[in-house]
Amino acid sequence: AEIMQLNLQQLSHCQQACAGIDTVIHLAADGNPEADFETSLLGNNMLATRNLFLAATEAGCRRFIFASSAHVFSAYPAERQLTSETAVNPANEYGVSNCYGEALAAYFAHAHQLSTIVLRIGAYLFHEEYAAYPPNQADAFLHPDDFNHLLIQCIKTPNIPFLIAHAISNNRHKRLDLTETKRRLGYSPKADGFKIFGNQHNGADN
């Protein structure tokens with residue numbers, strides 16, 4: 001693989017990154033819910049995302065996969081399950097920056113015919129991060145293996161002009177409803193956050 005270190009706040013750098021590319025998976029952002037808007041979110045999450053959409057469109061890319069976040073829903077009560085039809089309701093400006101990215105995705109999909117998939121990602125955690133994660137938030141857990149599987153499905157599934165999909169694992173109780181993600185993308189997650197964090201809480205090795 002070729003690795004390039006670029007500044008996504010520069011359109012010319014995004015154009016360089018997208019040249020000759022079939023599929024863009026845009027995961028670059030400041031993911032801190034407490035990030036400052038002017039010094040970080042405006043440039044890292046909003047301008048960079050717009051630049052990449054522009055560059056991908058100009059380059060004739062086949063598909064754009066945009067990493068949004070469950071924070072577009074963070075102002076809803078914790079016990080409410082959220083579907084792809086639920087209106088966004090962010091509780092912080094990080095969530096607002098995700099909403100902006102989702103709106104950009106819809107615009108480029110419909111106005112520029114760029115096949116686009118938005119992934120609302122839950123709590124993506126590696127094993128070494130489990131101990132610090134609250135067990136009562138297991139309903140939003142996303143295992144790395146499940147996310148890798150979902151990304152592969154996003155890349156290879158044909159005939160998707162625009163889709164908002166939810167990205168969590170097969171948790172016994174689910175903060176984000178997976179019905180449309182499974183139906184449209186053939187997503188088949190395996191991990192269950194309640195089993196993992198229940199065992200972790202009891203001191204078992206996972």
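A residue counts as exposed when its relative accessible area is over 50%, as buried when that area is under 20%, and as partly exposed in between. Keep those cut-offs in mind as we walk through this predicted model, beginning with Arg 183. With a relative accessible area of 57%, Arg 183 is exposed, because the value is over 50%. Its salt-bridge partner is Glu 180, with the closest N and O atoms 2.9 Å apart. Glu 180 is partly exposed at 26%. Both residues belong to helix H5 (residues 179-185), where they sit 3 residues apart, about one turn of the helix.

That pair belongs to a short list: searching the whole structure turns up 3 salt bridges. Another one joins Asp 22 to Arg 62, again with 2.9 Å between the closest N and O atoms. Here the bridge links distant parts of the chain, 40 residues apart: Asp 22 is in the loop between helix H1 (11-18) and strand E1 (23-26), and Arg 62 is in the loop between helix H2 (37-58) and strand E2 (63-69). Both ends are partly exposed, Asp 22 with a relative accessible area of 43% and Arg 62 with 33%.

What about the salt bridge between Glu 102 and Arg 120: are its residues buried or exposed? Glu 102 is buried, at 7% relative accessibility, and Arg 120 is buried too, at 2%. Their side chains meet with 2.8 Å from N to O. This pair also links distant parts of the chain, since Glu 102 lies in helix H3 (residues 93-112) and Arg 120 in strand E3 (residues 115-121), 18 residues apart.

Arg 120 leads us neatly to strand E2, as the bridge partner of Ser 68 in E3 is Arg 120. E2 and E3 run parallel and are paired over 7 bridges. E2, H3 and E3 together form a right-handed β-α-β unit. E2 also runs parallel to E1, to which 4 bridges join it; Val 24, for instance, has Phe 64 as its bridge partner in E2. The chain gets from E1 to E2 through H2, and this β-α-β crossover is right-handed as well.

How many of the residues of E2 are buried? The count is 7 of 7, leaving the strand mostly covered. In a regular strand, side chains alternate between the two faces of the sheet. In E2, Arg 63, Ile 65, Ala 67 and Ser 69 point one way, while Phe 64, Phe 66 and Ser 68 point the other way, and all are buried.

Ser 69 deserves a closer look. This residue of E2 is buried at 4% relative accessibility. A polar atom of its side chain lies 2.9 Å from the backbone nitrogen of His 71. Beyond its neighbours within four places in sequence, Ser 69 is in contact with Tyr 94, Asn 98, Leu 119, Arg 120 and Ile 121, so Arg 120, already met in the buried salt bridge with Glu 102, turns up again among the heavy atoms within 4.5 Å.

Finally, two loops are worth a visit for their backbone. Most residues other than glycine have a negative phi. Gln 113, in the loop between H3 and E3, has a positive phi of about 55° although it is not a glycine. Asn 159, in the loop between helix H4 (144-156) and strand E6 (162-167), likewise has a positive phi, of about 60°. Both residues are exposed, Gln 113 at 62% relative accessibility and Asn 159 at 71%.

Key. Residues numbered from 1 in each chain as written. Predicted model: local features only at pLDDT ≥ 70, side-chain atom pairs only at ≥ 80, totals over all residues. Heavy atoms only, no water. Salt bridge = Lys/Arg side-chain N within 4 Å of Asp/Glu carboxyl O. Helix = DSSP H or I, 4+ residues; strand = E, 2+ residues; numbered from the N terminus. Buried < 20%, exposed > 50% of the residue type's maximum accessible area, 1.4 Å probe, protein only. Polar contact = N/O pair within 3.5 Å; in protein donor to acceptor, adjacent residues only side chain to side chain. Pairing = 2+ DSSP bridges. Right-handed = clockwise from strand over helix to strand, strands pointing away.
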